[in-house]
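Student: I would like a close look at a single part of this model, the place where its two halves meet. Could you walk me through that part in one connected answer?

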Amino acid sequence: MLILGIETSCDETAVGIVEDGRRLRANAIASQAALHAAHGGVVPELASRQHIRDMEPTLRRALADAGVTLDEIDVVAVTHGPGLAGALISGVNTAKSLALTLDVPLVGVNHLEGHVYAGWLVPSDVSPAEEPGFPLACLVASGGHTDLILMEGHGDYRLVGRTRDDAAGEAFDKAARVLGLGFPGGPEIQKAAESLADFSEDGEPLVGAAAPLPRAWMRDTFDFSFSGVKTALLHRAQDVGLYPQREHAEAEADRLVANLAYQFQESLVDVMTAKLLEMADRYKARGLVLGGGVTANARLRQRVLAESPLPAIIPAPVLCTDNGAMIAAGAYYQVLRGEVSDMALDVDPSLPFGVPA
Ligand code: KG4
Ligand code: ZN
């Protein structure tokens, strides 16, 4: 079964093609990052309009990469929420037109469920391994969500923890802005944190910037909170002369930024790793799944792999950030359950995911 998956919930226009739920045949992505970078964040109106321009070439690229024509597509899947309303509408309308014209089923997929199923994808020339046993402890961390989900079977999700304020990705993006780094902030913070090694040779103590930032452990809950560490970073940046203006020569400013980026990343990664592992233990999970843009973070991936006694499914970074293949993968298991949509499919910007535990 060939499923074409369309994703336009935020600032990526993406079309993926997946065979039998797991084999990745194509994953075409047109990123709008450069368009939004000038504004320091995603501008919804600009995002909607750019999706309209990028959809047709992205669709053609996906078909060419997979070496198939539209009439070979068996199912059209699309993200219908959560996300930006105008952005979602452009994907859903494209999917409806395609499904109607090709006379194939239409499947609306929850964006967060798609992030989980990114872990099921394998290169098209590889035979899929055995499916991991359930239950699985999943961390879905993106620009809009930081959820701990217990997956007890296909389509069976319990929401065990979530952020009470900023999402992890949002915190990375805001931190990058404070430190004068680019957008999206996560990869920039990671790069700055990694550059700390370049400065470590001189061994000079860095007053303020080198001290750890707080961790919001929020004991006795699997919920997260990232607004405190974000404010702590802002105050630290002010104290060391990085914000609102950089008061140092370039090399010194870079060194201070590297230190603060490192400390910020450590704070978030520490809490996410610990809570995921604790949740897995509490619910006797048989494996872990990471998904969402933030799980592209190299330090988070390294820590989870190093500390988990369980097998961990960690998609390649390009499958962690938004893409259409993950939507096609999620749709496959919906089709197996007979859960297809009809032409009344609407967008839901705040579509929930998982039954509260
Ligand atoms: O899943 P995603 O592509 O889009 C949403 O569904 O929101 O996630 C985007 C988020 C952004 O906040 C971005 O800064 C963050 O993922 N991100 C990262 C990294 N790459 C992307 N955060 C930390 N480290 C990264 N390497
Ligand atoms: Zn996402």
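Tutor: Happy to; here is the interface, followed by the metal site and a few backbone details.

This is a predicted model, in which local features need pLDDT of at least 70 and side-chain atom pairs count only at pLDDT 80 or more, while totals for chains, interfaces and linings use all residues. Residues are numbered from 1 along each chain as its sequence is written, chains are lettered from A and ligands numbered from 1 in the order in which they are written, and side-chain values use heavy atoms, with hydrogens and water left out.

Let's start with the two partners. The domain assignment (bounds come from an automatic or database assignment) splits the chain into domain 1, covering 2-122 + 316-356, and domain 2, covering 132-313. Their C-alpha centres are 27 Å apart. Counting contact as heavy atoms within 4.5 Å, 25 residues of domain 1 touch 27 residues of domain 2.

Together the two domains bury about 2000 Å², with 70% of that on carbon and sulfur atoms; buried area here is the accessible area (1.4 Å probe) that two parts lose on being put together, summed over both. Trp120, Cys320 and Phe353 supply 26% of the area that domain 1 buries against domain 2, more than any other three residues.

What about polar links? The rule finds 0 salt bridges across this interface, where a salt bridge is a side-chain nitrogen of Lys or Arg within 4 Å of a carboxyl oxygen of Asp or Glu. There are, however, 8 residue pairs in polar contact, both residues at pLDDT 80 or more. A polar contact is a pair of N or O atoms within 3.5 Å; within protein, one must be able to donate a hydrogen and the other to accept it, and residues adjacent in sequence count only if both atoms are side-chain atoms.

On the domain 1 side, helix H1 (33-37), helix H4 (111-117), helix H11 (317-320) and strand E12 (355-356) each supply at least two of the touching residues. Helices (H or I, at least four residues) and strands (E, at least two) are DSSP runs, numbered from the N terminus. H4 gives the largest share, 5 residues.

H4 also carries His111 and His115, 4 residues apart, about one turn of the helix. The zinc ion (ligand 2) is coordinated by His111 (NE2), His115 (NE2) and Asp322 (OD), at 2.0 to 2.1 Å. Donors are N, O and S atoms within 2.8 Å of the metal (3.2 Å for Na, K and Ca); water is not among the atoms, so sites may look incomplete.

Finally, the backbone: a cis peptide bond joins Phe134 and Pro135, with omega about 0 degrees.
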